Amino acid sequence: MRVSAKADYAVRAALELAAASDARPLKREQISAAQKIPSKFLETIMLELKHAGIVKSTRGADGGYALARPAEDISVADVIRAVDGPLANVRGERVESVEYDGAATSLRDVWVAVRASLRRVLESTSLADVVERDLPEAVMQLTEDPEAYISLNRRRRAPGQ
Amino acid sequence: MRVSAKADYAIRATAELAAAEGTGQMRADRIAEAQDIPIKFLESILLELKHAGIVRSQRGSEGGYALARPGSEISLADVIRAVDGPLANVRGDRPENVTYKGAAGRLTDVWIAVRANLRSVLESTSVADLANGTLPPEVEELAANKENWVSLGRIRGVGARS
């Protein structure tokens with residue numbers, strides 16, 4: 001499961017706007033410098049966020065980008081969907097549209113469960129939560145398990161579990 | 001978040017082998033047919049699964065592929081890692097290796113939480129569970145909830161914390 005560069009950049013750009021919410025609009029160069037995002041790529045991303053109603057832009061000397069809605073009303077999932085489409089997909093298809101046969105018949109249920117677990121984190125976390133460093137309780141609990149930070153651990157279920 | 005064709009095919013191939021456990025070897029063309037997987041792609045996937053110690057192969061007229069360990073001891077996470085590398089990655093990096101500055105400082109924790117949740121589903125489900133159609137209770141519960149089948153649901157109000 002891969003978080004694309006585009007999704008990662010889009011979330012970071014939106015977070016910069018969330019941090020600047022009440023101030024003047026941010027110029028693309030400011031966002032690009034603050035989050036080290038290639039400026040051309042950022043331009044494409046901002047256009048997609050604008051089409052999705054997540055950011056608005058104003059022209060002129062004082063113009064730039066700002067969030068189109070309050071930061072506490074925009075989830076990380078909203079931003080990812082705006083630039084990458086459905087939150088979870090299997091071979092480019094929506095999870096509920098893939099069909100399996102034979103020994104793999106239950107696999108669609110597994111992908112639905114995977115998507116539900118992604119949603120639990122990404123829909124419950126707003127841009128304001130990340131900026132204010134105040135993540136939802138359920139998300140914090142997931143990161144507090146020391147094992148959560150360890151990669152590639154091949155934990156196995158205990159027999160009979 | 002994308003499940004690659006390779007990971008999807010690898011899981012389906014190992015599920016077929018789990019269903020055939022104890023009945024000898026299964027030829028690649030039979031797996032390909034049972035799961036509609038392009039045979040050339042399947043052969044390269046089976047080779048990677050073999051290198052990862054998930055399947056073994058045997059030559060000869062009775063030859064073919066079988067699981068190298070009991071299907072109940074092979075998780076879907078094991079299969080995905082064998083063909084796709086780390087379970088979750090951000091722009092190709094492991095979540096714990098990405099660092100963020102400024103307003104995005106806490107984003108690492110969000111990706112770590114995403115991975116922890118992915119693990120809770122994919123490490124707890126074995127290829128035998130999949131082949132038997134009996135998923136772990138917590139996975140069944142997530143799959144049984146009708147809301148989880150609705151796409152693009154902006155159902156969960158942000159801020160409504162539970």
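Which residue takes a positive phi in the hairpin of β2(A) and β3(A)? Good morning, colleagues. I shall answer that question shortly, after noting that the model before you is a predicted one.

The residue is Gly60(A), whose phi is positive and near 100°. Five residues lie between the two strands of this hairpin. The strands themselves, β2 (residues 55-58) and β3 (residues 64-67) of chain A, are paired antiparallel through four bridges. Within that pairing, Ser57(A) has Tyr65(A) of β3(A) as its bridge partner.

Let us turn to chain B. Here β2 (residues 55-58) and β3 (residues 64-67) run antiparallel and are joined by four bridges. Ser57(B) is partnered by Tyr65(B) in β3(B). The hairpin that these strands form has five residues between them, and Gly60(B), in the turn, has a positive phi of about 100°.

I now come to the contact between the chains. Chain A contributes 69 residues to it and chain B contributes 64. On the side of chain B that touches chain A, several elements each supply at least two residues, among them β1 (2-3), α1 (5-19), α5 (107-122) and α7 (137-144). The largest share there, 13 residues, belongs to α5(B). By residue class, this side of chain B comprises 35 nonpolar, 14 polar and 15 charged residues.

Finally, strands from the two chains also pair. Strand β4 (residues 89-90) of chain A runs parallel to β1(B), with two bridges between them. In this pairing, Val90(A) stands opposite Val3(B) of β1(B). Thank you for your attention.

Definitions and conventions: Residues are numbered from 1 along each chain as its sequence is written. Chains are lettered from A and ligands numbered from 1 in the order in which they are written. This is a predicted model: local features need pLDDT of at least 70, side-chain atom pairs count only at pLDDT 80 or more; totals for chains, interfaces and linings use all residues. Two strands pair if DSSP finds at least two bridges between them. Two residues are in contact if their C-beta atoms, placed from the backbone, lie within 7 Å. Ala, Val, Leu, Ile, Met, Phe, Trp, Tyr, Cys and Pro count as nonpolar, Asp, Glu, Lys and Arg as charged, and the others, Gly among them, as polar.
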